[in-house]
Amino acid sequence: MRNLFSVEGKNVLITGGSRGIGEMIARGYIENGANVFISSRKANVCDGIAEELSKHGKCTSLPFDLSEMAGVEGLAAALAAKVDKLDVLVNNAGASWGAPIDEFPESGWDKVMDLNVKSVFFLTQKLLPQLRAAATAAAPARVINIASINGLAPSTLETYSYSASKAGVIMLTRQLAKRLAGDHILVNAIAPGPFPSQMMAATLATAGDAIRASNPLKRIGQPEDIAGVAIFLGSRASAYTTGAVVPCDGGIAEV
């Protein structure tokens, strides 16, 4: 029981790990002894954050643009060159797009769907050899997909492709969980609410007080909140949990 939540020594890849929720999760794993690889589109930013996080443990930068298959395949190959086994894959990289319904562009639909859904499936697919190599019945490998409460309930914002993509991530999580259970790979999702991320920055700047007031817990998320759920899903504590969607939102979508 004393080691239920330990992730020490695990190999962990976190996409979109150079900022926002991805960085929060990366820091949580690193400070708890995991060997973490972070990926993001901008190499200089990814390298800089990895250098900063390395002051607290093990962190390696693997910058790739996952909006295209070349980036997905490149990241998978780069990770395979570093480690033979992958204990935890956190599919966090994502994008949003907002526009009035009468003006919403095809480019805004395709960009969000390609990164938020397509890359989640294909990166998981490309990393199956490393996930299978790490997986045992006693210690399953993990895939943690970052969805959103906007995939559970409609948003008040005109972010049509984002909400649809996150609903897609939730169903993809369940489908993958069913398929990969026999390989001892557990697949779960986290549905975050408002956190102090770059994606939420403009919304929090203009409506932060209203968002806090409408939240049953009367606050926005803190790094420890999302890192705690992610560590739970990567540790022995969740070894009998797969296909689940865990809201981390202060009760917005539930209460």
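Strand β5 is covered on both faces: A141, V143 and N145 are buried on one side, and R142, I144 and I146 are buried on the other. The model is predicted. In a regular strand, side chains alternate between the two faces of the sheet. Six of the six residues of β5 are buried, so the strand is largely enclosed by the rest of the structure.

Next, the strands beside β5. Strand β4, residues 88–91, pairs with β5 in the parallel sense over four bridges. Within that pairing, I144 of β5 is the bridge partner of V90. Strand β6 spans residues 185–192; it runs parallel to β5 and is joined to it by six bridges. Here A141 has I185 of β6 as its bridge partner. Helix α6, residues 160–180, belongs to this arrangement too. Together, β5, α6 and β6 make a right-handed β-α-β unit.

Now look at one residue of β5. R142 is found in this strand, which covers residues 141–146. Which side chain of opposite charge is nearest to the buried R142? The nearest is D87, 8.2 Å away. A salt bridge needs a side-chain nitrogen of Lys or Arg within 4 Å of a carboxyl oxygen of Asp or Glu. R142 has no salt bridge, although it is buried.

What does the side chain of R142 reach at 3.0 Å? That partner is the backbone oxygen of L233. The surroundings of R142 can be listed, leaving aside its neighbours within four places in sequence. On that basis R142 is in contact with D87, V88 and L89, and also with L131 and L186. Its contacts further include F232, L233, G234, S235 and R236, along with S238 and A239. D87 therefore appears among the contacts of R142, yet the two form no salt bridge, because such a pair must come within 4 Å.

Other charged residues do pair. Side chains of opposite charge can pair when their charged atoms come close. How many salt bridges does a search of the whole structure find? It finds six.

Take helix α1 as a start. E31 forms a salt bridge with R27, and their closest N and O atoms are 3.7 Å apart. Both residues lie in α1, residues 20–31, four residues apart, which is about one turn of the helix. E31 counts as partly exposed because its relative accessibility is 47%. R27 is partly exposed as well, at 27%.

A second pair spans more of the chain. The side chains of D183 and R132 meet in a salt bridge at 3.3 Å, N to O. D183 lies in the loop between α6 and β6, and R132 lies in helix α5, residues 128–134, so the pair ties together parts that are 51 residues apart in sequence. D183 counts as partly exposed at 23% relative accessibility. R132 is partly exposed too, with a relative accessible area of 37%.

A third pair sits in helix α7. D209 and R212 meet through their side chains in a salt bridge of 3.8 Å, N to O. They are three residues apart in α7, residues 201–214, so about one helical turn separates them. D209 is exposed, with a relative accessible area of 64%. R212 is partly exposed, at 32%. Elsewhere, salt bridges that share partners join R132, R179 and D183 into one network.

Notes: Residues are numbered from 1 along each chain as its sequence is written. This is a predicted model: local features need pLDDT of at least 70, side-chain atom pairs count only at pLDDT 80 or more; totals for chains, interfaces and linings use all residues. Side-chain values use heavy atoms; hydrogens and water are left out. Helices (H or I, at least four residues) and strands (E, at least two) are DSSP runs, numbered from the N terminus. Buried means under 20% relative accessible area, exposed over 50%, partly exposed in between (1.4 Å probe, protein chains only). Lys and Arg count as positive and Asp and Glu as negative; His and the chain ends are not counted. A polar contact is a pair of N or O atoms within 3.5 Å; within protein, one must be able to donate a hydrogen and the other to accept it, and residues adjacent in sequence count only if both atoms are side-chain atoms. Contact means heavy atoms within 4.5 Å. Two strands pair if DSSP finds at least two bridges between them. A crossover is right-handed if, with the strands pointing away from the viewer, the path from the first strand over the helix to the second runs clockwise.
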